[in-house]
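Here are my notes on the model you sent over. I've kept them as numbered points so you can follow along with the structure open.

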Amino acid sequence: MTRRTGRRPGNPGTREAILDAARTAFAERGFDAASIRAIAGTAEVDPALVHHYFGSKDQLFLAAMNFPVDPGQLVPKVLAGDRDGVGERMVRIFLGVWDSPAGSAGVALLRSAVSNEWTARLLREFITTQVLRRVLEQLDVDPAQLPLRGSLVATQMIGLAMMRHVVRLEPVASADPETLAAAIGPTIQRYLTGPLPT
């Protein structure tokens, strides 16, 4: 009996092989540099099969992260309305996800990222490419400032998630989301659109 060579056909293990290859590629190369073709090559499948299972590179990334919510559906809600309210809306929507049953996956990811560099890289890529870049590119700010502005926003948002859901620091842990949005939103807004120190 001869062993077949070539690409792996579609079978139950194929989806997991693609996800394993994607996680490695995204962690090692980052979202922008990882390609569907390279991921397919590592998984030993045809690139068309990756598109069949996951659709787009963004959707593959979300599946690899095992994140229950698509930021592509939330970002338009953050941007809907006046520019000066983006910070508060971002906090409100962020808490809406993290405080829901779907947020448990985010909490697990956050806990893992603290002690695992590989997970930390994936989380960094997720926050940068799927959330912050999408918001900041719509706010008409200096492109050279995008990395700093995005990093500053991340310090607040991840710090909020950590204090509310991991450390459970009171009264933040049990505070009403509207109270937190009103308190933290202006700081987020300053990071997004306010003047930065030179």
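1. Reading along the sequence, the protein chain goes α-α-α-α-α-α-α-α-α-α. That is 10 helices and zero strands. Keep in mind that this is a predicted model. As for overall dimensions, the C-alpha trace spans about 70 × 35 × 30 Å along its principal axes.

2. How is the protein chain divided into domains? Domain 1 takes in residues 12-65, and domain 2 runs over 71-193. Their C-alpha centres sit 25 Å apart.

3. Now for the place where the two meet. On the domain 1 side, 12 residues are in contact with 12 residues of domain 2. Between them the domains bury about 1,100 Å², and 67% of that is on carbon and sulfur atoms. If you want residues to click on, go for A27, F61 and M65: they supply 46% of the area that domain 1 buries against domain 2, more than any other three residues. The size of an interface is often given as the accessible area lost when the parts come together, so that's the figure to quote if somebody asks how big this one is.

4. There's polar chemistry across the interface as well. Four residue pairs are in polar contact between domain 1 and domain 2. As for where the domain 1 side comes from, α1 (12-29) and α4 (57-65) each supply at least two of the residues that touch domain 2. The largest share, five residues, comes from α1. By type, the domain 1 side divides into six nonpolar, two polar and four charged residues.

5. How many salt bridges does the rule find across the interface of domain 1 and domain 2? It finds two. Separately, have a look at D32 and R133, which form a salt bridge with their closest N and O atoms 2.7 Å apart.

6. Over the whole structure, the search turns up nine salt bridges. One of the salt bridges in the model joins the side chains of D20 and R23, at 3.2 Å from N to O. Why are these two about one helical turn apart? Because D20 and R23 are three residues apart in helix α1.

7. A word on annotation: UniProt lists residues 35-54 as "DNA-binding region", and the entry is unreviewed. In the model, that span is 80% helix and 0% strand. The C-alpha atoms at its two ends lie 14 Å apart.

8. Two spots in the backbone deserve a second look. Most residues other than glycine have a negative phi, and most peptide bonds are trans. The peptide bond from E170 to P171 is cis, with omega near 5°. P171 is in the loop between α9 (146-166) and α10 (177-193). Then there's D140, a residue other than glycine whose phi is positive, near 55°. You'll find D140 in the loop between α8 (117-136) and α9.

Note on methods. Residues numbered from 1 in each chain as written. Heavy atoms only, no water. Domains from an automatic or database assignment. Contact = heavy atoms within 4.5 Å. Buried area = accessible area lost by both parts, 1.4 Å probe. Salt bridge = Lys/Arg side-chain N within 4 Å of Asp/Glu carboxyl O. Polar contact = N/O pair within 3.5 Å; in protein donor to acceptor, adjacent residues only side chain to side chain. Helix = DSSP H or I, 4+ residues; strand = E, 2+ residues; numbered from the N terminus. Nonpolar A, V, L, I, M, F, W, Y, C, P; charged D, E, K, R; others polar. UniProt positions renumbered as here; feature names shortened; annotations may be inferred.
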